[in-house]
Structure formats: structure tokens, C-alpha cells
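Work through the exercises below with the model open. Each task is followed by a solution in steps.

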Amino acid sequence: MTTTTTSIVVIGGSYAGIGVSHGLLQQLPNIKVTLINPSTDLSYNIASPRFLTKPDLIPEERYIFSIPDAFKKYSTDSFQFVHGKAKEINLENKLVSVEGSTEDIKYDYLVIASGSTTPASIGKESFPAPFKAPIDGDVRDAIKKTHSAIGVSKSIIIGGAGPVGVEFAGELVEVFGGDAKKEITLISGTEKPLASLMNSAQDAAAQILRDKGVTLKTSAQIEKAEYDDTAKQWTVTLAGGETLKADLYISAMGTIPNNNFIPSSLLDKEGWVGVDKHLRALNDKGDAESNVYALGDISSHKDRLLLRVPPQIATVVANLKHDITGDGGLRVYLPEEEWMAMLVPIGRSTGTGVIGNWRVWGFLVSFMKGRDFLIGKAPSLVQG
Ligand SMILES: Cc1cc2nc3c(=O)[nH]c(=O)nc-3n(C[C@H](O)[C@H](O)[C@H](O)COP(=O)(O)OP(=O)(O)OC[C@H]3O[C@@H](n4cnc5c(N)ncnc54)[C@H](O)[C@@H]3O)c2cc1C
């Protein structure tokens, strides 16, 4: 008796794509998973506010992991890693093309997990600081360049006082604050930092940052940021015309979908992939594509958090298993049923955050996340 092998192509080799690939390989026989990613490495970006500011504190091998190595335990018949960027998806013929390759990859099922990037990660109106691994270029190189730029700068402006901006300012001031070795300014578009958290957490963040020596500029909308190569200086222009100057400007704002290879019929108005409750991609008629799933940051679910990825992985794996073998029912992902937790370390010993309706005290934020940015959990995210 012959058995047929089902081809599943996964685009994007970060937390979502890696997790789905392991889940499928562990639960389904007779499949071939092809994982496509522009880099052979995954960098544990959750800890980037720390590893970008404190080069000597965390050895590289604790936050950069080889993706192919994490899949060595599977046979080459069942897993293939493609080092490259997906260029185009042909939904009709079920093909994915990869930049630089003449051979298209045929799929029976497709998983889109191409995530998102940030202005700083791609150097858009910002020094290129890899809060997300750059899609073009080497993450190690980008990290080293950020270390050097921070090292030589006497004044640093961070644009955006969401969790990333607050964490980054907290790390910087811990190393370079004190005797005002570097002037660190955090610009908040709202009256207080961490506008998405409860009021008491916002107040706590503002207080801690100011106590540590960060200049917090609030209710200030950034209009543009430009680098003058001759003066070696950044000028940040605020709404109303005020300008601020610094040796280094790093944007901690914005989330940009990695979608330039995704058919426009699958993209919503903001460029994310709309999904139904089973995480199947929705087309422009509002119908679910029966063989295309999307999860993680690239999906239209608004909470773009690593915290949301594991339940989405479980949903996609269960539903693909159902599609391929008929086993089990179709699983549902309901974001409103997920609990909210946001911990924002401000340096190693304090911070703020919320879990459900509770504000978390600084020492608990430090204990739960600030000590090491949960770096000990990173290997399990890669190795499955
Ligand atoms: C600085 C920072 C700190 C954060 N801290 C937290 C935190 O503490 N807690 C939390 O819950 N969340 C946090 N997040 C959010 C978290 O990083 C994201 O939710 C998570 O990375 C989403 O994972 P993903 O796999 O969906 O996508 P991503 O991590 O964005 O990965 C997408 C992958 O797809 C690849 N890709 C892109 N285009 C292509 C293509 N054309 N072909 C093939 N591959 C492609 C990318 O290179 C990348 O490897 C943080 C985000 C940032 C920026």
C-alpha cells in the first residue's frame, strides 16, 4: 500500500512558524514540512532591550539560536529548511516562490507566520536597532552596530513610550545614567508612558523613569526624525515645530506587517491577514481559504504578543491535523478568552505591569521578568 505525503509550507521561522512546524512534525506522520526564513538564526527579541544595551551581560548563544539545528531531530524526508525570503504565493496553483530560487515550492497546506517588523528594525526614520531581526542583513551585525552607536553617543532620544520604549530607556539609564554619562530622553505621545496599561501602571512607569534620570517628554507627537551626516546628529521634530537634537535617535514605535509577498486578496485594510476563528486566512470575499492558515503577528488579531502565540500554534496544529487525517474537531481561537499580562521591566530591579486587572509591583516585575527577560525560556521556543 502506498501512502501519500502531505506538503505543508510554513513561511516565517520565528516563534509562530517554528512552533507550528514542531507541532506538526511531532503529531502527524506522512507530512513534509518546508520552513522558509530569511535567516538561519532566531534572535530572542523579547530580551533585545537588554542585549542591545548591555553587550557583556548576556552571551550571544543565550539569545541567538540556529533554526536548522533545532530541526535536526527530524528526518530530511519530513523536514526541509529553506534559507530565503518568500517572494510570491500562487493560491490557485498552490505554489510559493522564494527569492533567488528558480524552483517554486508546491504545497497542500500553507501557514503564513511572517510576523511584523518595526521602524527601528528596518532603519526607517531611526537608527537601525534590531528589536526584530532585520529581514535583509545579519542580526549579529545589526546588534554590534547598535552597541557601537550607543557606546559613542552622549545623548540618546527614544521615540515612543510603549513597553519597548520604556524597557529600552530603563536598560539604557541603568548602564549610562547615574552621573549623567549619557543624556537619555524618552518621548511619549501621550500624557503618560504605557498608555495601553492601567493608570496606576502608567504613573509608576513615569515615576521610576524620572527617578532613574530619564528625561520624559510627554504629550509630544513625533513628526519626523532626520540624521545629518555632516553634523553627526539626529534632529527630531515634534508636532508644533519644536526640535530636539541628539547623537542617537532610536524609534520604539510602530508595528509593520511583513506582507510584501502575500496576495492582496488575503490582506485587510491595514495589511494584516484576516483570519476566521479557526485561524484560516480570509479572502476578499470574506470566505476562509480551506488550506491557508495565518498566525502570530501577521494575523489580524490585534494583540501582537508572544504571549498569544502558543494558543494560536495549538489551534493551527490541531486544525491541520483535522484537515489532513480527519482526527479531532476543528479548534477555535478566541482572543477575548485570553488573559492579559504585560510586564515591563525598567532596569533589572524594578518595573511595572499588569496581570488581568492587577497592577504588578516593581519587585515582582523584576522577579518574573526583569532579572533575565525570561531568556531561560528561549531555547524551548526554538527546540520544540
Ligand atoms: C522589542 C520587543 C519586545 C517584545 N517583548 C514582548 C514581551 O515581553 N512579551 C510578549 O508577549 N511579546 C513581546 N513582543 C512581541 C513579540 O516579539 C511578537 O509578538 C512575536 O515576535 C511574534 O512572533 P511571530 O513568529 O508571529 O513573528 P515574528 O517574530 O515577527 O517573526 C516573523 C518571521 O518571519 C520572517 N519573514 C518575514 N518575511 C518573510 C518572508 N518574505 N519569507 C520568509 N520569512 C519571512 C521574519 O524574518 C521572522 O523570522 C515584543 C516585541 C518587540 C519588538
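The exercises cover the sheets, a hairpin and the ligand site.

The model is predicted, so local features need pLDDT of at least 70 and side-chain atom pairs count only at pLDDT 80 or more, while totals for chains, interfaces and linings use all residues. Residues are numbered from 1 along each chain as its sequence is written, and side-chain values use heavy atoms, with hydrogens and water left out.

**Exercise 1.** Determine the strand order of the open sheet of 6 strands and name its edge strands.

Solution. Step 1: take strands (E, at least two residues) and helices (H or I, at least four) as DSSP runs, numbered from the N terminus. Two strands pair if DSSP finds at least two bridges between them. Step 2: the order is then 5-2-1-9-20-19, and the pairing is mixed. Step 3: strand 5 (79-83) and strand 19 (280-282) pair on one side only, which makes them the edge strands. Step 4: with direction ignored, neighbouring strands are turned by 30 degrees against each other on average.

**Exercise 2.** Describe how strand 2 pairs with strand 5, and place helix 1 against the sheet.

Solution. Step 1: strand 2 (residues 31-37) runs parallel to strand 5, and 5 bridges join them. Step 2: Asn37 has His83 in strand 5 as its bridge partner. Step 3: helix 1 (residues 15-27) lies across strand 1 (6-11), strand 2, strand 5 and strand 9 (109-112); contact here means heavy atoms within 4.5 Å. Step 4: helix 1 runs at about 170 degrees to strand 2. Axes are lines fitted to C-alpha atoms, for helices over the stretch in contact, and angles run from 0 to 180 degrees between N-to-C directions.

**Exercise 3.** Which strands stand at the edges of the sheet with the order 14-15-16, and why is one side of each left without a neighbour?

Solution. Step 1: this open sheet of 3 strands has antiparallel pairing. Step 2: strand 14 (222-228) and strand 16 (243-246) are at the edges; each has a single partner strand, so one side of each lacks a neighbour in the sheet. Step 3: the twist averages 20 degrees from one strand to the next. Step 4: strand 15 (residues 233-238) is joined to strand 16 by 4 bridges, with Thr235 opposite Lys245.

**Exercise 4.** Describe the hairpin of strand 6 and strand 7.

Solution. Step 1: 4 bridges join strand 6 (residues 86-90) to strand 7 (residues 95-98), and the two run antiparallel. Step 2: Asn90 stands opposite Leu95. Step 3: there are 4 residues between the strands, and Lys94 in the turn has a positive phi of about 55 degrees.

**Exercise 5.** Identify the polar contacts of Ser14, Ser116 and Lys369 with the ligand.

Solution. Step 1: apply the cut-off for a polar contact, a pair of N or O atoms within 3.5 Å. Step 2: a side-chain N or O atom of Ser14 is 2.8 Å from a ligand oxygen atom. Step 3: for Ser116, a backbone N or O atom lies 3.1 Å from a ligand oxygen atom. Step 4: for Lys369, a side-chain N or O atom is 2.6 Å from a ligand oxygen atom.

Notes
Polar contact = N/O pair within 3.5 Å; in protein donor to acceptor, adjacent residues only side chain to side chain.
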